[in-house]
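Biologist: Could you walk me through how interfaces between chains are read?

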Amino acid sequence: MFLIHCPICNEPRSEDEFHCAGEGHIQRPLDPMATSDKEWGDYLFFRSNPRGTYRELWQHTIGCRKYFYIKRNTETYQIYKTYKLDDKSERVALDKEHSNKNKFGDLL
Amino acid sequence: MKKYSAFSLFKHGLNHHQDWQRVWRNPTPKKHYDIIIVGGGGHGLATAYYLAKEFGITNVAVIEKGYLGGGNTARNTTIVRSNYLWDESSHLYEHSLKLWESLSQELNYNVMFSQRGVLNLGHTLQDMRDIQRRVNANRLNGIDGEILDPQQIKEIVPYMDCSANRRYPVLGASWQPRGGVARHDAVAWGFARGASELGVDLIQQCQVTGFEIKNGMVTGVKTDSYGLISAAKVGCVVAGNSGVVASMAGLRLPIESHPLQAFVSEPIKPILDTVVMSNHVHGYISQSDKGDLVIGSGIDHYNGYGQRGSYPIIEHAVAAILELFPNFSRVRMNRQWGGIVDTCPDACPIISKTPIKNLYFNCGWGTGGFKATPGSGHVFAASLAKDEMHELAKPFSLDRFYHGSLIDEHGAAGVAH
Amino acid sequence: MKQINRVRQNRSSKDFACSRIDFSQPIHFSFNGKEYTGVLGDTIASALLANGIDVVGRSFKYGRPRGIVTAGSDEPNAILQLGNCEATQVPNVRATQQLIFEGLECHSTSGWPSTRFHLMGIFGALFARFLPPGFYYKTFMAPAKWWKYYEKWIRKGAGLGRSPNRADEDIYEVINQHADVLIVGAGAAGLSAALGASRMGARVILADEQNEFGGSLLSSNIKINDRCTRDWIDAVVAELINYESQGQLLLLKHATVNGYHDHNFLTIHERCTDHLKDKAAQNEVRQRYHRVRAKQVILATGALERPLVFANNDLPGCMLASAISTYINRYQVIPGNTLVVMTANDSGYIAAIDWHNAGRRVAAVVDTRKSHASELSKQVKALGITIIYQSAVIEARRKRLNSRVCSAVIMSMDSTGDAVKGVKKLFCVTL
């Protein structure tokens, strides 16, 4: 059972107080009506699903009920970090990760 | 292939079982194959078997990073049924169920497919409406199904608490008598034996590390133990690792990998002769021929490749089973383990070509892949052999996530995704 | 029935200084419908051995007779059905883990018409060679429609104990715990760790599956600072209880740590009343489940002895050497008359010494190693026990189908240990 540090409550709580809401940092298209079916499908359904480091959106459902992000390892289950939605420093790190993503990323 | 029978057992018994033929060969891979199957689980081995048997393509290799049947094939709770809601999926699962019914004879390997019936319980009025809708749909598709009331359920499962004063009273159930359970490791071994005999090379302890892709077309796979092995076509059947293997080809899939766990109790004398599933209390249970109660429950709600389940699910599974069977309270659990299931947003599989030519994927079976093993292998083999998706596989293409033609089977999947 | 294998000496005797049973409190229980007497502190296994019971169960497939092999949670054979009424039936209780209490009822989980004379055993003895491991994959396939009838018959043999068919009436509870240090196992290492951590002011939980703290020390005749192990354990536990009274330490007996989950989350299954009565009293908790989040975890679980491989090593009378020492030192029970020990290291010698000191005959110690002179082997020789070096037991023999082991076949090995030559037969009752 995970021990998750809620960045809003600022204390460690047990996994069963939380709910995972899927992959984090997925940008909703700004103008849904203008997107192609492919872009919309990609946004809705397609996920990176890596074995290793992963950023996820979680909610402290039995607690402050706020959403926040977890950066953790999907293989070892180690939690590297939890941070608030508006954490600026993580945004910079994230942009760097994205620029390193494999070149075929948009083949579909 | 030396045939297995009671007589062969007797004959080998006379000389102390010293000269049994090996169940499958352990070959060194060739440089080139017509078709390479990545993943030596039940689905991959079934694909290879049917390629050789039905379509005469024997220059085939199955590449497995661990050992045959070492993944979800031998980690599931072995339930086989076909009572799905929509036409597309029920046709596919029914195709599979028909193959199950003669599989032991087909493979000359007893997979112990035991049609002891599957109950899907309803605990609320909405459950019962859903059950009615599903059973009616099944019947229209020629699939056996009945709606039972608590009294009839009690006759089939005498020790289930069907009283009205439970927290989640049992109001009724759907009943598929042709459903049941099978011996899962035997399924992998039976297909492996059959495929190997027909000339398929089964390469174990060999991990695919990448694909050779030229001009948008796959031409081979890179492996850790044998380097590059070229192939005209590649089919990936890697379940929980689908996302990882897809990313080697630069693809993303509409799939998330979650841990799903299962449990068995210590062996007890037979007390439960059917499969009992409940979406509402969220647990399912049957009893094996050894006497273990085989129990399953929901998936972990987060992504994971750990092959172990999270703790809250354990408590939940036990609570669900005791809600149905309070008398099992003193039976002790023996083992608990996890697998990695590849869940799709609509709880239906993906059997599809990909944007890379000659690279095929068969994945997304989520929590219900075992029941589809022969059917999935059969339609995937047909698609690979003819370069055109099998009729039954067509609705399950990757494109459906762009067209919006999803096949929502969350209601019939039995395990919430 | 008399307790024929019990050594009736009281604790003041120096050979049984670490015994953990109390002769002043006889306890009556029944096994397979027959009344027996044990004493306070006995497990079902030690009480059955004291009463000279060999066959406690039957093997799953061939119906071979099986006796008690171990003295702990690793027991593969003595798996019993417990319970005085329908609602309190417990399947698959290991006789080596369950303490006896007044009025306890237990049964073997296999054997028809009885555990001693089992029809399947005859069938198994005749046809075993035609039913190798995995035979069911190779047969029962024709005609296809018949599988359900085959399976019906196969299923008759399934399972060990049986589930109760009535709902459980007892009360159970769950507690969340937090600890600086959780120590799994209260043997010498676990007790020392608990003491050290407590003295430093840490919040400690110490859990052990047995009914007393001490682990393997409970079975041993060795001395710690010239005092018997019992004195050392008592002193340490007394100090720990002092910390417990200050609320800093939690001592859990009868408590199996049964899960180690992510981020140091462990679960402990504590059996509060199972060793005392069939059914907990009203408003009394029968079992308790602790959900522990620990900062540090110490696994001090000790080791299990692995059985040696030879033909018929499953016959009643073949036991682990460590189990023999446990039954003699802890329960004052000698499970047989004449002993042959086979060993690959010095720990087997301890069993021989214990057996000899308890007053019964050791036929020989069979050692797979070449001749050597260790402290223990000198002690064994001084007692006049034969040591047969560079040899191995290759087979245990019995007189009748359902009887216990009566002799051991011994062969000497060549220098590589790969081949054997020469045959010698020794008569024994326990191996």
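**Chain B and its partners**

Modeller: Let us start from one pair: Arg94(C) and Glu266(B) form a salt bridge, with their closest N and O atoms 3.4 Å apart, the term standing for a side-chain nitrogen of Lys or Arg within 4 Å of a carboxyl oxygen of Asp or Glu. This is a predicted model, in which local features need pLDDT of at least 70 and side-chain atom pairs count only at pLDDT 80 or more, while totals for chains, interfaces and linings use all residues. Residues are numbered from 1 along each chain as its sequence is written, chains are lettered from A and ligands numbered from 1 in the order in which they are written, and side-chain values use heavy atoms, with hydrogens and water left out.

Biologist: How many salt bridges are counted between chain B and chain C, and how many across the interface of chain B and chain A?

Modeller: The count is 8 between chain B and chain C, whereas the rule finds 0 between chain B and chain A.

Biologist: How should I read buried area, and which three residues of chain B supply the most of it against chain C?

Modeller: Buried area is the accessible area (1.4 Å probe) that two parts lose on being put together, summed over both. Chain B and chain C bury about 4000 Å² between them, 52% of it on carbon and sulfur atoms, and Lys269(B), Tyr311(B) and Arg330(B) supply 22% of the area that chain B buries there. For chain B and chain A the buried area is about 2800 Å², with 56% on carbon and sulfur atoms.

Biologist: How many residues does each chain bring to the contact of chain B and chain C?

Modeller: Contact means heavy atoms within 4.5 Å, and on that basis 49 residues come from chain B and 45 residues from chain C.
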